[in-house]
Structure formats: structure tokens, C-alpha cells
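Reader: Please show the structure, and then explain it to a newcomer.

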Amino acid sequence: MSTFVIIGAGLAGAKAAETLREEGFGGKIVLIGAEGERPYERPPLSKGYLQGATDLEKVYVHESGWYAAHDVDLRLGTTATGIDPRGHLVHLDKGESQPYDKLLIATGATPRPLAVDGGDLEGVHYLRTVADSKALREAFAGGGRVVVVGAGWIGLETAAAARQAGCEVTVVAPGPAPLHRTLGTEVGEIFAAVHRAHGVEFRLGTSVSVLRGRSGVSEVVTTAGEVLPADHVVAGIGATPNVELGRSAGLEVADGIVVDASLRTSDPDIYAAGDVAEADNPLLGRRIRVEHWANALNGGPAAARAMLGQEVVYDRVPYFYTDQFDLGMEFSGDLSGHDKVVFRGDPALKDGAIPGFLVFWVTNDGRVLAGMNVNIWDVTDKIQALVRAGQAGGAVDLGRLADPEIPLSDLLG
Ligand SMILES: Cc1cc2nc3c(=O)[nH]c(=O)nc-3n(C[C@H](O)[C@H](O)[C@H](O)COP(=O)(O)OP(=O)(O)OC[C@H]3O[C@@H](n4cnc5c(N)ncnc54)[C@H](O)[C@@H]3O)c2cc1C
């Protein structure tokens, strides 16, 4: 009987285990997770769960009995410390070694630390795990002043949750606008407007030089020299993929563990999926590492099918979503190489509320590389069809793209 081992009991790992059983794999499945919690989804940790609106039970990938019922040997609180590719062994922190026939690495990522003086003071938070979210929820419940460092997804979602809990919130970030590296300045400004309308303050074009405090953090000093009083600091300054196991096993590692379009690493019996994997995406014609929920949700199953010897080409359109105050959005595609942004609908706030609109990142010759729907739903398939066509070289008329009266499905000749 063959043994498939999965390192990392997050969304990618859990969905891979599920797919193996769904596809009829009758061998042994060992799912190894460093955390004490069974696999869960992280998006609610900066939204509903953080705000107290979503129960813990709702964040888990499977019901507690699922693993035993499907004969998945779930080993929680267990860290893989090394891989021996020649011996086909995974070494565990408890001293054992677990043999494998095929191995999936789905170890996710770790928040980047705030490497400034005072970065280790009490009251400085990160957000990755259920425990982190619980601690933040308790911190926000007391009100007070929250300084969020970083204006990416985690920073902005946390800022919204803190504000909704009644805290005074200031976001400090080096870029000219929130999310400017992901969405560009023009679209980032829209997110800033939404946050400002709800009372969030920004200090942009500056970073943190030092955190000060006695028993816990009480002040954030920016590189511009401003001193911001703070009861709590949340660092949302990105995450680093957990590639160490892959690197020490001699696998090819770049920004993440390098895998081909079937999510196979440079070792034919080892695969990688989720945040940790840098995968060849045939749609985009290059390797990308995607730190988003949908990539774990779909990548885990794709890797599982490849482990079973099925033909797999993982070429999904990168997708992510966010919810902040009254703004809900989905983004599809990859905007690198775009020339300009085309709006379909007016993104300006009306009476402080964000309207519904679409925005596309396009080339001058009319190729749609990425698209985003804000407060408009059930259009992702159509947007992704435009992105697929655009990434493959197909062009649309940009005037018609900007016209909300013309159905999206009519744009592709
Ligand atoms: C707070 C938060 C909010 C988010 N919100 C959104 C959102 O709104 N939309 C969106 O698209 N994406 C969102 N994301 C991103 C999304 O959650 C991640 O892309 C997804 O969780 C990645 O899943 P994964 O299985 O690859 O990794 P993870 O979920 O990180 O799971 C990896 C697991 O592996 C374990 N592990 C690591 N090393 C070892 C080892 N050596 N041995 C054993 N176990 C190990 C880790 O402890 C972890 O439990 C959010 C992320 C966070 C943190």
C-alpha cells in the first residue's frame, strides 16, 4: 500500500487530502500540521472572525470527524523538520521519521517581522493564525489607539475591523497609496477613500523607525519623525513562504518552491502547492507565487491529482477577494505589463458609500490582463474570460469595455 504524506495542514493540504480520497486513492494519507488546530481557512481571521461575527466552527475546512472518517492520519502539533528525498522520509520533531511514496509540501507562509527597535514589545501583533486573530479581537474590544503598519490586504482589513470595533486607527505605509504595489496608485486611492470615509487615518510615504514603550508599546515613531500614540500595533508587512524544508532537501527554490505546471518540484516524487509554491502558469507564460485563498483551494486538489499520476495543467486565472467596510471586491488576473486602467462605472464615493463598478488593467492595444469587480457580483466568470483572452493575445475595444451598457459577454468577438 502506498503512502502519501502532506506537510502543512492548512487549506491546500486539507483539500489535497480530500481530493486524494475523492479520486479513490486507497493508500495511507498522513497530514502533518505544526498548529494545534485542525485545518482552517484564514480569510475570516481578518474579517468575520476578527469582528466576532463568524464562529470558530465556520472557519474549519472539515468537520472534526472528517479525518478519521476518511482514514486521514491527521497529526496536529507536529512539525516536519527535514526531508530525505533519497530515503523517501520526512523527519518529524518528535524524533520519528515518516516514509512516503509521494510527498506534498503545503507549508504556507509566515508573517514578515517588524524589524525595528521595539518590534518585540508587548502589544505588537501579527495576523496569521486563529490565536493571533483571537488576541487581536480581544485587543480591539478595549478600544484605544491602533497603528497598523502596512497598507496591503491584511493591513487594510485589520484597520477596518479595528475601526468597526471602535478603535482610533492610523495606517502607516511607505507607498503613495494603499495597495499601490498590487493594484496601482489610482485604484489604491479608492481604498484609501473608503477607509477615510470611515475615520481611518493614513500616514503614507513613510515607515516605522522605532516603537517605544515601557511595559508595552505606547508610541510609534515614523521615519518622517512623527510620534503616533499607540495601544496596539499590527504589523501587516507581508509574508515569507516557508521554503526551508524544500531548500534543505535540495529542491529548486526561488521566491517559493519551484514547481512545474503540474505542481511537481525538481524531485519527481515531491509536489508543492498553496502559498509556498512558485508555479509555472501556462496562461501567464511565467512562474508565479500566489498568496491567496483560491490558489490554496484549487492548488491542493491539483497537486493531489498529479500525485495520483493524472495529467494536470494548473493554469487558473489568479483570483482573490477582500471585504473592507462596505467594499466587497474580487480581483482576477495579473496586471503586470499593463499600460492603463479602464473604469466601467464611476468609482467615486457617493454620500460616503462606495458604489458598484468594474475596473480593468489593459494594454494600449486592448488586451485585458486583469479585472476587478467592486460591489457587483456574479461577473467573475465573464471577467476571467476577458483575462484569459487578453493573456492569450486577444483584444477588445476599450471604449466598449468602459461602457456599462454593453454586456461583458459581447466584448469578445
Ligand atoms: C488573516 C488572513 C486573511 C486572509 N484573507 C484572504 C482573503 O480575503 N482573500 C484571499 O484570497 N486570501 C486571503 N488570505 C490568504 C490565504 O488565507 C492563504 O493564501 C492561504 O491560507 C494559503 O493556504 P496554504 O494551505 O498554502 O498555507 P497555510 O494556510 O499557511 O497553511 C500552512 C500550514 O502549514 C503549517 N506548517 C508550516 N511548516 C510546517 C512544518 N514544517 N511542519 C508541519 N506543518 C507546517 C503551518 O503551521 C500552517 O498551518 C488571508 C491570509 C491571512 C493570514
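**Helix α1 and the domain contact**

Reader: What distance between its end C-alpha atoms should helix α1 span?

Author: Helix α1 covers residues 11-22, which makes 12 residues at 1.5 Å a residue. Helices are DSSP runs of H or I with at least four residues, numbered from the N terminus, and the expected span is 1.5 Å times one less than the number of residues. The end C-alpha atoms are 16 Å apart, in agreement with the expected 16 Å.

Reader: On what kind of model do these values rest?

Author: Residues are numbered from 1 along each chain as its sequence is written, and side-chain values use heavy atoms, without hydrogens and water. Local features need pLDDT of at least 70 and side-chain atom pairs pLDDT 80 or more, while totals for chains, interfaces and linings use all residues, for this is a predicted model.

Reader: How many residues of α1 are buried?

Author: Buried means under 20% relative accessible area with a 1.4 Å probe, protein chains only. Helix α1 is largely enclosed by the rest of the structure, because its buried residues number 11 of the 12.

Reader: How much area is buried between domain 2 and domain 3?

Author: The domain assignment places domain 2 at 124-235 and domain 3 at 326-410, with bounds from an automatic or database assignment. Buried area is the accessible area (1.4 Å probe) that two parts lose on being put together, summed over both. Carbon and sulfur atoms give 83% of the buried area, which is about 980 Å².

Reader: Which residues of domain 2 lose the most area to domain 3?

Author: Together they account for 42% of what the domain 2 side buries, and they are L183, I190 and V194.

Key. Helices (H or I, at least four residues) and strands (E, at least two) are DSSP runs, numbered from the N terminus. Buried means under 20% relative accessible area, exposed over 50%, partly exposed in between (1.4 Å probe, protein chains only).
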